[in-house]
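These exercises are to be worked with the sequence and the structure in view. Try each task before reading its solution.

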Amino acid sequence: MNTLVDTIATLRQYVPINYSFTPELMEPHLRRAERTYLVPVLGEEFLAELRDHDQGSSSSTSAVLDTAVELAQEALSHLAVRLALPYLSVQVGDAGLHITQTENYRPPYQWQVGDLAAGLHESGMAALEALYAHLERHIGAPAVATWAASSARSVVNGVLIPSATEFDRYYRIGASRITYVDLVPAMRRATDLHLRPQLGTAFVDALLAHLNSEDSSSTAGDTAMDTALEKVQAALAPLAVAEAKEVMFRYVNGGLTSTRMEPNRAQNEKNVGPDVVQAQRRAAREVGVGLLALAHAWCDANADSLTGYTARTSADSLPVVEDRLHNTGGMLAM
């Protein structure tokens, strides 16, 4: 099997359940799971490097890559078995679809299949979270240079909150990288709809440059810019949640979690009524707008120390941002 999990024995190391899978049965699901789950996280080139490293065709030795391979295989194994489940108990014959049932065997109940599917999915996504965290901890290592330069990594470039850990400081998401990635488009929207009109495009660009600055940069170590960045980030996080209308969420242990983490369970939960959803998004927007006003006032008081910032001549010059919270979809209950 030409995937990162290339033998049934490898798959069995990560999914300890009783089954008699064959390579012919599992290979299509392993390929699909790679395309669906691993490629967006790793990128095609780095995934190929991990395959070469695992198969010994690469001459390099790297503990960083060893761990990356193990985590990627763990995720891939669970998610591929999850994709294979619908095919395991149903056969297709001349008479159409049928299932096997004898005196000694009967098919599982639907809730048993659902519980197994949910468990496999959650285990696979948890392994992806661990893989993200591992790669980010070693972002400067030569072994992960291909990933660091890939489109899979660069999706988060150009946003003012550069990581899930940073986002979690201002709005609880359980430090979930998957939830964070789902929120990146909304962060870009909130930046364009709220930050640039109110703080000025030149200043927002200066904050982005400061965030990405090297020690040699003229803004590196600039305490005023550091403080301004933190205040703007605190406003951006809840504003991004308010703008994330394409993302389905649940609240888990007091934190916002993308239902991509556990879609089966989310489908079985009762959908929150439109009034509750509206209240959740409006609350996030109100918090964000309030924090942005505080950030704006602080920047006005410290304008002389801030690159690219122009102080308002009066509070009345603050642009009014339209309240567009009319979409009531997206939040699910516990």
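**Exercise 1. A helix pair in a predicted model**

Task: Find which residues of helix 10 meet which residues of helix 11, and describe how the two helices are arranged.

Solution: On the side of helix 10, the residues are Phe203, Ala206, Leu207, His210 and Leu211. Their partners in helix 11 are Met225, Asp226, Ala228, Leu229, Val232 and Gln233. By class, this contact consists of eight nonpolar residues, two polar and one charged. The model is predicted.

Next, take the geometry. Two packed helices are described by the angle between their axes and the distance between the axes. Helix 10 covers residues 201-211 and helix 11 covers residues 223-243. Their axes are 10 Å apart, and the packing angle is about 110°. Angles of 65 to 115 degrees count as roughly perpendicular. Helix 10 is therefore roughly perpendicular to helix 11.

**Exercise 2. One residue of helix 11**

Task: Decide whether Val232 is buried or exposed, and list what Val232 touches beyond its neighbours in sequence.

Solution: Start with the location: Val232 belongs to helix 11. The relative accessible area of Val232 is 0%. Buried means under 20%, so Val232 is buried.

Then look for its contacts. With residues up to four places away in sequence not counted, Val232 touches Leu160, Leu195, Leu199, Leu207 and Ala295. Finally, compare sequence and space for Val232 and Leu292: they are 60 residues apart in sequence, and their C-alpha atoms are 6.4 Å apart.

**Exercise 3. Two partners of helix 4**

Task: Describe how helix 4 packs with helix 5 and with helix 2.

Solution: Begin with helix 5, residues 110-137. The axes of helix 4 and helix 5 come within 8 Å and cross at roughly 160°. An angle over 145 degrees counts as roughly antiparallel, so helix 4 and helix 5 are roughly antiparallel to each other. Their crossing is left-handed. The contact of helix 4 with helix 5 has 18 nonpolar residues, six polar and two charged.

Now turn to helix 2. The angle between helix 2 and helix 4 is about 130°, and their axes are 8 Å apart. Helix 2 is therefore oblique to helix 4. The crossing of helix 2 and helix 4 is right-handed. Helix 2 contributes ten named residues, including Leu25, Met26, His29, Tyr37 and Leu42. Among those of helix 4 are Ala72, Leu76, Leu79, Val81 and Leu88. The contact of helix 2 with helix 4 divides into 16 nonpolar residues, one polar and two charged.

**Exercise 4. The nonpolar core**

Task: Find which members of the largest nonpolar core touch the most other members, and which helix gives the most to this core.

Solution: The core has 90 residues, and Leu42, Leu128, Phe167 and Tyr180 touch the most other members. Helix 4, residues 63-88, gives the most to this core, with 14 residues. In soluble globular proteins, nonpolar side chains tend to be buried together.

Take Leu128 as an example. Leaving aside neighbours within four places in sequence, Leu128 is in contact with Tyr37, Leu38, Val41, Ala75, Leu79 and Ile178.

**Exercise 5. Three residues to classify**

Task: Say whether Phe21, Ala175 and Glu44 are buried, partly exposed or exposed.

Solution: Phe21 sits in the loop between helix 1 and helix 2. With a relative accessible area of 10%, Phe21 is buried. Setting aside residues up to four places away in sequence, Phe21 touches Ile8, Leu11, Arg12, Met26, Val81 and Leu88. Phe21 and Leu88 are 67 residues apart along the chain, with their C-alpha atoms separated by 9.0 Å.

Ala175 is in the loop between helix 8 and helix 9. Its relative accessible area is 36%, so Ala175 is partly exposed. Ala175 also has a positive phi of about 55°, although it is not a glycine.

Glu44 is part of helix 3. At a relative accessible area of 54%, Glu44 is exposed. The C-alpha atoms of Glu44 and Ser150 are separated by 8.7 Å, with their positions 106 residues apart along the chain.

**Exercise 6. The whole protein**

Task: State how many helices and strands the protein has, and what percentage of its residues is buried.

Solution: The protein has 13 helices and five strands. Of its 334 residues, 44% are buried.

Notes: Residues numbered from 1 in each chain as written. Predicted model: local features only at pLDDT ≥ 70, side-chain atom pairs only at ≥ 80, totals over all residues. Heavy atoms only, no water. Core = buried A, V, L, I, M, F, W, Y, C linked by side-chain atoms within 4.5 Å. Buried < 20%, exposed > 50% of the residue type's maximum accessible area, 1.4 Å probe, protein only. Helix = DSSP H or I, 4+ residues; strand = E, 2+ residues; numbered from the N terminus. Contact = heavy atoms within 4.5 Å. Axes fitted to C-alpha atoms, helices over the stretch in contact; angles between N-to-C directions. Parallel < 35°, antiparallel > 145°, perpendicular 65-115°, else oblique. Left-handed = near helix turned anticlockwise from the far one by under 90°. Nonpolar A, V, L, I, M, F, W, Y, C, P; charged D, E, K, R; others polar.
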